[in-house]
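Subject: A structure for you to look at

Hi there,

Here is the structure I promised to pass on. Have a look at it first, and then read my notes underneath.

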Protein chains: 2
Amino acid sequence: MKFDDKVPIYYQIKQHLYHEILAATLKPGDKLPAVRQLAVDLTVNVNTIQRALSEMITEGVIESRRGKGNFVTQDTARLAQLKEQLVMAQLALVYAQLHALNLSDDEIIESLKRYIEQKGAAQND
Amino acid sequence: MKFDDKVPIYYQIKQHLYHEILAATLKPGDKLPAVRQLAVDLTVNVNTIQRALSEMITEGVIESRRGKGNFVTQDTARLAQLKEQLVMAQLALVYAQLHALNLSDDEIIESLKRYIEQKGAAQND
DNA sequence: CCTAGTGTTCTATTTAACTATTACACTATA
DNA sequence: TATAGTGTAATAGTTAAATAGAACACTAGG
């Protein structure tokens with residue numbers, strides 16, 4: 001995994017895991033890879049994995065069972081809520097950024113459409 | 001100015017200045033506030049300001065004139081190019097994030113529209 | 001009971017960002 | 001030429017992220 005050195009690695013790992021869970025690559029109740037395995041896979045230290053996981057445990061996304069492993073919560077309502085929050089946060093961010101560049105609401109929507117069309121033309125998804 | 005502690009301060013300052021320039025709050029040829037003044041305004045050290053500025057000088061956005069000050073470049077073509085790049089980069093980012101959450105192209109566009117409508121309803125812009 | 005696999009915690013060290021401080025270089029102007 | 005305002009650069013110290021390594025706690029299975 002490649003990291004952006006502008007953002008703490010533990011935070012990027014957290015976002016990575018969030019995406020896997022909210023995109024249902026990891027389903028409710030699924031067991032995550034062992035922390036030592038994740039550390040190898042992502043070529044970081046166990047402590048860095050642990051830091052990402054401990055925040056997600058606090059947030060109710062992951063349940064930890066000592067001696068067994070880490071598991072995706074089965075609280076699907078919580079997951080749906082978090083997904084909606086994440087989508088809205090992303091949109092709010094990009095909207096604020098583009099609005100700050102003096103793009104109107106319509107221009108923002110249009111430029112997104114243009115981007116998607118260009119993307120589709122450049123490479124079939 | 002408030003900073004996100006997940007991202008280096010110098011980098012946030014750079015983005016902040018980019019926005020002011022590309023939104024034409026600071027126009028081509030305009031003089032920027034003195035580095036020591038910026039340091040006071042943004043409550044950071046001069047070196048942190050300098051680091052942001054030196055990258056922007058390398059990128060051709062700002063011209064430095066020793067003893068006089070820092071000035072926005074008058075190369076409007078360069079500015080237009082950078083603005084387009086920045087907009088596209090923002091869109092690419094949010095698209096990738098939402099796509100990774102299994103939202104289709106249409107759903108991404110629709111959710112942006114919904115966000116903007118909600119925003120307009122919640123607070124007149 | 002022992003062992004392997006798991007999560008958890010602690011200490012020490014390294015590195016990069018940021019700060020504080022000082023000094024230097026150049027420009028304009030009184 | 002003296003002074004104030006500007007950018008530039010170097011040094012030293014602080015802090016947080018990340019690493020390395022070790023130890024501890026719990027579970028399952030032979």
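One thing to keep in mind from the start is that this is a predicted model. With that said, let me begin with DNA strand D. A phosphate oxygen of DNA strand D sits 2.6 Å from an N or O atom in the side chain of Thr48(A). Chain B reaches this strand too: a polar side-chain atom of Gln50(B) is 2.4 Å from a phosphate oxygen of DNA strand D. Arg66(A) approaches another part of the strand, with a polar side-chain atom 2.9 Å from a sugar or linking oxygen.

Stepping back from single atoms, 24 residues surround DNA strand D, and the closest are Ile9(A), Thr48(A), Arg36(B), Gln50(B) and Ser64(B). Which part of the strand do they meet? Of the atoms of DNA strand D within 4 Å of the protein, 69% belong to sugar or phosphate, while the rest belong to bases. The residues on the protein side divide into 6 nonpolar, 10 polar and 8 charged.

You can also trace this surface back to helices and strands. In chain A, helix H1 (9-22) and helix H3 (46-58) each supply at least two residues near DNA strand D. In chain B, helix H2 (35-41), helix H3 (46-58) and strand S2 (69-72) each do so as well. The largest share, 3 residues, comes from H3(A).

Now for DNA strand C. Here, too, there are 24 residues around the strand, and Gln50(A), Ser64(A), Ile9(B), Asn47(B) and Thr48(B) come nearest. Sugar and phosphate make up 63% of the atoms of DNA strand C that come within 4 Å of the protein. Some polar pairs to find on your screen:

- Ser64(A) has a polar side-chain atom 2.6 Å from a sugar or linking oxygen of DNA strand C.
- Arg51(B) has a side-chain N or O atom 3.4 Å from a phosphate oxygen of DNA strand C.
- Lys68(B) has a side-chain N or O atom 3.3 Å from a phosphate oxygen of DNA strand C.

For this strand, helix H2 (35-41), H3 and strand S2 (69-72) of chain A each give at least two residues to the nearby surface, as do helix H1 (9-22) and H3 of chain B. H3(B) gives the most, with 3 residues. The surface near DNA strand C divides into 7 nonpolar, 10 polar and 7 charged residues.

Next, chain A as a whole. How many helices and strands does it have? Chain A contains 5 helices and 2 strands, and from the N terminus on they run α-α-α-β-β-α-α. Its C-alpha trace spans about 55 × 30 × 30 Å along the principal axes. The radius of gyration of chain A is 18 Å, whereas a compact globule of 125 residues would have one near 14 Å. Of the 125 residues, 36% count as buried. The accessible surface of chain A is about 7200 Å², with 49% of that belonging to carbon and sulfur atoms.

Finally, a residue to click on: His19(B), in helix H1 of chain B. Is it buried or exposed? His19(B) counts as buried because its relative accessibility is 14%, and buried means under 20%. Leaving aside residues up to four places away in sequence, His19(B) touches Gln97(A), Ala100(A) and Leu101(A) from chain A, along with Leu86(B).

Enjoy exploring!

Best wishes

Key: Residues are numbered from 1 along each chain as its sequence is written. Chains are lettered from A and ligands numbered from 1 in the order in which they are written. This is a predicted model: local features need pLDDT of at least 70, side-chain atom pairs count only at pLDDT 80 or more; totals for chains, interfaces and linings use all residues. Side-chain values use heavy atoms; hydrogens and water are left out. A residue is near a molecule or strand if one of its heavy atoms lies within 4 Å of it. A polar contact is a pair of N or O atoms within 3.5 Å; within protein, one must be able to donate a hydrogen and the other to accept it, and residues adjacent in sequence count only if both atoms are side-chain atoms. Helices (H or I, at least four residues) and strands (E, at least two) are DSSP runs, numbered from the N terminus. Ala, Val, Leu, Ile, Met, Phe, Trp, Tyr, Cys and Pro count as nonpolar, Asp, Glu, Lys and Arg as charged, and the others, Gly among them, as polar. The radius of gyration is taken over C-alpha atoms; the globule rule is 2.2 Å times the number of residues to the power 0.38. Buried means under 20% relative accessible area, exposed over 50%, partly exposed in between (1.4 Å probe, protein chains only). Accessible areas come from the Shrake-Rupley method with a 1.4 Å probe; for residues, only the protein chains shown count as cover. Contact means heavy atoms within 4.5 Å.
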